[in-house]
Amino acid sequence: MTDYFQGNFPLQSVPLTKNTVNRSMAQTDDGSGKLAITIAEAGSERKAGEILLLRVAEVSYLSDYFVMMTGYSRVQVRAIAAAIEAKVESELQRRPLRTEGKAEGSWVLQDYGDVIVHIMMPKEREFYNLEAFWVHAERISLPNSDDGEDQPR
């Protein structure tokens with residue numbers, strides 16, 4: 001059991017202020033936090049909706065952050081995934097360890113080790129409701145993200 005316990009938790013987490021994150025937070029020493037913010041920005045640039053960052057380091061050993069976002073078509077989900085890969089590779093020189101679901105395009109999962117990305121269509125996001133499963137995680141949202149108000153019909 002102790003093989004999986006992460007000791008030495010960071011004393012500072014990504015600050016949470018009224019559920020918003022600003023660009024200055026990316027300047028922290030937290031490398032996985034910077035990666036998560038870069039991923040969220042890439043998704044936002046491709047018009048991903050309902051972008052949510054969850055800091056799961058204190059409640060799970062799987063990763064430090066989950067980044068969840070919605071794409072409104074299979075083509076958009078794939079485009080968001082490609083944009084994330086390109087931005088992270090160019091800015092942070094990292095590639096995902098694994099990518100699943102690109103062929104189907106309804107739910108793409110990108111595993112960067114310390115950050116796991118979920119890009120889902122609205123039906124999949126509602127059905128699986130990962131936000132509720134990780135309710136104990138610290139929630140961080142971006143101020144520029146689409147909160148579902150301008151969704152295509």
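Reader: How many residues does α1 have, and how far does it reach from its first C-alpha to its last?

Author: This is a predicted model, where local features need pLDDT of at least 70, side-chain atom pairs count only at pLDDT 80 or more, and totals for chains, interfaces and linings use all residues. Residues are numbered from 1 along each chain as its sequence is written, while side-chain values use heavy atoms and leave out hydrogens and water. The expected span of a helix is 1.5 Å times one less than its number of residues, and for α1 that comes to 21 Å. The model's α1 is close to that, with 15 residues and a reach of 21 Å.

Reader: What pattern do the helices and strands follow along the chain?

Author: Helices are DSSP runs of H or I with at least four residues, strands are runs of E with at least two, and both are numbered from the N terminus. Here you get four helices and six strands. Read along the sequence, the pattern goes α-β-β-α-β-β-β-α-α-β.

Reader: Is α1 largely enclosed or not, and how many of its residues are buried?

Author: Buried means under 20% relative accessible area, exposed means over 50%, and partly exposed is in between (1.4 Å probe, protein chains only). Among the buried residues of α1 are Leu-35, Ile-37, Ile-39 and Glu-41. The rest of the structure largely encloses α1, because its buried residues number 11 of the 15.

Reader: Okay, so which elements are included in what covers those buried residues of α1?

Author: Here a contact means heavy atoms within 4.5 Å. Going by that, the cover includes β1, β2, α2 and β5.

Reader: And α2: which of its residues are buried?

Author: Helix α2 runs over residues 74-92, and its reach of 27 Å is close to the expected 27 Å. The cover over its buried residues includes α1, β2, β3, β4 and β5. The buried ones are Gln-76, Val-77, Ile-80, Ala-81, Ala-83, Ile-84, Glu-85, Lys-87 and Val-88.

Reader: Why does α1 count as oblique to α2, and at what angle do their axes cross?

Author: Axes are lines fitted to C-alpha atoms, for helices over the stretch in contact, with angles from 0 to 180 degrees between N-to-C directions. Angles under 35 degrees count as roughly parallel, over 145 as roughly antiparallel, 65 to 115 as roughly perpendicular, and the rest as oblique. The two axes come within 8 Å. The pair is oblique because of the crossing angle, which is roughly 135°.

Reader: How do the residues in the contact of α1 with α2 divide by type?

Author: On the α1 side you'll find, among others, Lys-34, Leu-35 and Ile-39, meeting residues of α2 including Ile-80, Ile-84 and Lys-87. For the sorting, Ala, Val, Leu, Ile, Met, Phe, Trp, Tyr, Cys and Pro count as nonpolar, Asp, Glu, Lys and Arg as charged, and the others, Gly among them, as polar. The tally is eight nonpolar, two polar and five charged.

Reader: Where is Val-56, is it buried or exposed, and what is its relative accessible area?

Author: Val-56 lies in the loop between β1 and β2. Leaving aside neighbours within four places in sequence, its contacts are Ser-63, Asp-64, Tyr-65, Phe-66, Trp-134 and Ala-137. Val-56 counts as buried, with a relative accessible area of 0%.

Reader: Which residues does Glu-104 touch, not counting those up to four places away in sequence?

Author: Look in the loop between β3 and β4 for Glu-104. Glu-104 is partly exposed, with 48% relative accessibility. Its C-alpha is 9.9 Å from that of Val-75, a residue 29 positions apart along the chain. The residues Glu-104 touches are Arg-74 and Arg-78.

Reader: What is the phi of Glu-50?

Author: Most residues other than glycine have a negative phi. Glu-50 sits in strand β1 and is partly exposed at 29% relative accessible area. Although Glu-50 is not a glycine, its phi is positive, at about 50°.

Reader: What about Asn-129: where is it, and what is its phi?

Author: Asn-129 is in the loop between α3 and α4. With 37% relative accessibility, Asn-129 is partly exposed. Its phi is positive, near 45°.

Reader: Last one: what percentage of the whole chain's residues count as buried?

Author: The chain has 153 residues. Among its contacts with a separation of 6 or more, 63% come from residues 24 or more positions apart. The share of residues that count as buried is 46%.
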